[in-house]
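Trainee: Hey, could we go through this one together? I'd like to start with the ligand.

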Amino acid sequence: MRIDVVTLFPGMVRDACGWGIPRIAQEKGLLELGLWNPRDYAQDRNRRVDDRPYGGGPGMVMQVQPVHDAIQAARARGGGPVIYLSPQGRRFDQSAARHFAQLPHMILLAGRYEGIDERLIERDVDEEWSIGDYVLSGGEPAALVWIDAVTRLLPGALGDGASAQQDSFMDGLLDYPHYSRPEVVDGKAVPDVLLGGNHADIERWRMKQSLGRTWKRRPDLLERLRLSDAQQALLEEYIREQQTTDSDQGP
Ligand code: 9D3
């Protein structure tokens, strides 16, 4: 997969992609990253890429010409849909990540200032996506979230297929609690079932924890799922067993 990013801060994207899965994916040749700075395409002597908004008001707007020329350069090397990351976009989620992980090319456009001239969006942008309902100071953190979520889905990126399989076992649910050595921390012991070595029991316990935590913390996620009869039974067991010693958040 090749991802081209049009950004005024290419160093921020390059540096952050030098860690973790995006780094490994690049080393394995699964991910090729291209960076395009509109400032390199500015034509005036001060290399300006922003200007004041018509109609007045605070902030600046990214100019059409330098961004357009940077996108054209990215198209010539990579291509694929031009995806503008903006608060006005459709909400990015795991199913979107799975969709974009199947494309061979895409161009991410990260905005700064108040945004980009609307006519550039109309002419050059294919899709507009947001990563959530909070205010960032620019599109680069969103591009990094996008690259991370998509790259880890590329076959071979995760090292072992087990983690990816685990993801599908848990699809749409919150994770279960994890424990490692030592067996007791601060008087708190690891749940007995995890020490017993009965793998069917462990799998059932983990599924029950995932279902229970999702029920308590993110009922909105649970509503979107069709639970199997076995899962339904586990969740009912969890609800019955709820105790005041429970340290989880929720009602
Ligand atoms: C304070 C500025 N806001 C006035 C109502 C508008 C605004 C402009 C530019 C808010 C945020 C930004 C920069 N954000 C992004 O580029 C961005 C973003 C985000 O802020 N939240 C969630 N997803 C994304 S994707 C790109």
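Trainee: So how far is a backbone N or O atom of Leu136 from an oxygen atom of the ligand?

Mentor: That pair lies 2.8 Å apart, and a polar contact is a pair of N or O atoms within 3.5 Å; within protein, one must be able to donate a hydrogen and the other to accept it, and residues adjacent in sequence count only if both atoms are side-chain atoms. Keep in mind that this is a predicted model, where local features need pLDDT of at least 70, side-chain atom pairs count only at pLDDT 80 or more, and totals for chains, interfaces and linings use all residues. Residues are numbered from 1 along each chain as its sequence is written, and side-chain values use heavy atoms, with hydrogens and water left out.

Trainee: Which polar backbone atom is 3.1 Å from a nitrogen atom of the ligand?

Mentor: One that belongs to Ile131. Gly139 also has a polar backbone atom, 3.2 Å from an oxygen atom of the ligand. Taken alone the ligand exposes 570 Å², and the protein buries 71% of that (Shrake-Rupley method, 1.4 Å probe).

Trainee: How many residues surround the ligand?

Mentor: There are 14, with a heavy atom within 4 Å of it. Ile131, Gly132, Tyr134, Leu136 and Gly139 are the closest. By class, the shell has eight nonpolar, five polar and one charged residues, with Gly counted among the polar ones.

Trainee: Changing topic, what's the strand order in the open sheet?

Mentor: The five strands go 2-1-6-5-7, with parallel pairing. Strands here are DSSP runs of E with at least two residues, helices are runs of H or I with at least four, and two strands pair if DSSP finds at least two bridges between them.

Trainee: Why is one side of strand 2 and of strand 7 left without a neighbour in the sheet?

Mentor: Strand 2 (32-36) and strand 7 (127-130) stand at the edges, so each has a single partner strand. For strand 2, five bridges join strand 1 (residues 2-6) to it, and Val6 stands opposite Trp36 there.

Trainee: Anything odd in the loops?

Mentor: Most residues other than glycine have a negative phi, and most peptide bonds are trans. Arg47 has a positive phi of about 55°, in the loop between strand 2 and strand 3 (50-51). A cis peptide bond joins Arg181 and Pro182, with omega about 0°.
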